[in-house]
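Student: Could you take me through one part of this model in close detail? I would like to see how a single element sits in the chain.

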Amino acid sequence: MSKDVIIKVEHLSKLYGKIKTEAVELIKKGADKETVYKKTGVTVALWDVSFEVERGKIFVIIGLSGSGKSTLIRCLNLLNKPTSGKIYFEGKDIQKFNKQQILDYRRNKISMVFQNFGLMSHRNVLNNVAYGLEVKNVPRPEREKKAREMIELVGLEGWEEQPISSLSGGMKQRVGLARALASDPEVLLMDEPFSALDPLVRRDMQFELLSIQSKLEKTIIFITHDINEAFKLGDTVAIMRDGRIIQIDTPERMSAHPADDYVREFIESVD
């Protein structure tokens with residue numbers, strides 16, 4: 001059976017700095033990220049990253065701080081412009097999109113849930129969740145109906161009129177999730193969305209996400225630095241180090257066949 005690939009990334013690199021050609025030569029000769037920076041002043045955020053994401057699956061990218069995972073997820077909606085490489089959404093090269101196509105892609109196809117919630121304090125819960133639909137000029141009755149459905153889905157029914165300031169961290173993250181889902185995107189990008197939450201709330205949110213996923217079957221690309229979270233949520237897990245992907249596999253196969261000592265150390269701490 002052929003895979004239904006919704007996002008495909010080929011040989012993606014992102015370098016920050018002026019003398020990129022010299023940096024590329026050094027990398028090709030086997031220099032590491034630190035050496036490249038010392039010699040050229042160029043930061044290698046991503047290097048030669050390739051992967052495929054299947055529709056309706058949770059693809060988790062894990063790595064320590066500075067591994068390039070947040071840079072990578074921001075390339076997928078072109079908040080970061082890649083230095084080289086290709087990103088395909090449903091077979092279309094997103095870097096060839098014109099302004100209108102990029103706007104349409106960000107509004108209708110791909111949505112992001114941020115670590116710091118990104119909510120508007122002057123709006124109540126309902127108006128925060130409905131915001132994306134308001135931007136799309138969806139009529140008020142329709143957008144509020146959709147927003148209420150999403151609020152119920154994330155377990156916040158009854159909180160529609162409450163100000164954001166009255167919510168706990170976990171509740172704010174539920175609002176952020178409901179807002180992202182209200183636009184009915186094909187792909188949900190989640191950049192360490194639960195890392196600011198305390199362990200019990202975090203566990204609840206992981207369970208909540210899996211339960212929502214079982215109903216909606218969204219494609220989710222989820223960033224984390226926690227291997228337990230990665231293995232709990234991910235159908236597929238990619239481990240990053242210094243801007244490169246070291247291994248992509250199912251949690252089961254990764255546990256049984258780690259690609260190298262770095263991956264082995266990472267997964268030793270799995271609960």
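Tutor: Happy to; here is a close look at helix 9, followed by its setting in the chain. This is a predicted model, in which local features need pLDDT of at least 70 and side-chain atom pairs count only at pLDDT 80 or more, while totals for chains, interfaces and linings use all residues. Residues are numbered from 1 along each chain as its sequence is written, and side-chain values use heavy atoms, with hydrogens and water left out.

Helix 9 covers residues 199-216, 18 in number, and its first and last C-alpha atoms lie 25 Å apart, close to the expected 26 Å (1.5 Å times one less than its number of residues). Helices here are DSSP runs of H or I with at least four residues, strands are runs of E with at least two, and both are numbered from the N terminus. Among the helix's buried residues are Arg-202, Met-205, Leu-209 and Ile-212, where buried means under 20% relative accessible area with a 1.4 Å probe, counting protein chains only. An α-helix has 3.6 residues a turn, so residues three or four places apart point the same way. The buried residues of helix 9 pack against strand 3 (58-62), strand 7 (187-191) and strand 8 (219-224), and also against helix 7 (140-153), helix 8 (169-182) and helix 10 (227-233). Just past the helix, Glu-217 has a positive phi of about 50 degrees.

As for the setting, the chain holds twelve helices and ten strands. Buried residues account for 49% of its 271 residues, and the C-alpha trace spans about 60 × 45 × 45 Å along its principal axes.

Technical notes:
Buried < 20%, exposed > 50% of the residue type's maximum accessible area, 1.4 Å probe, protein only. Contact = heavy atoms within 4.5 Å.
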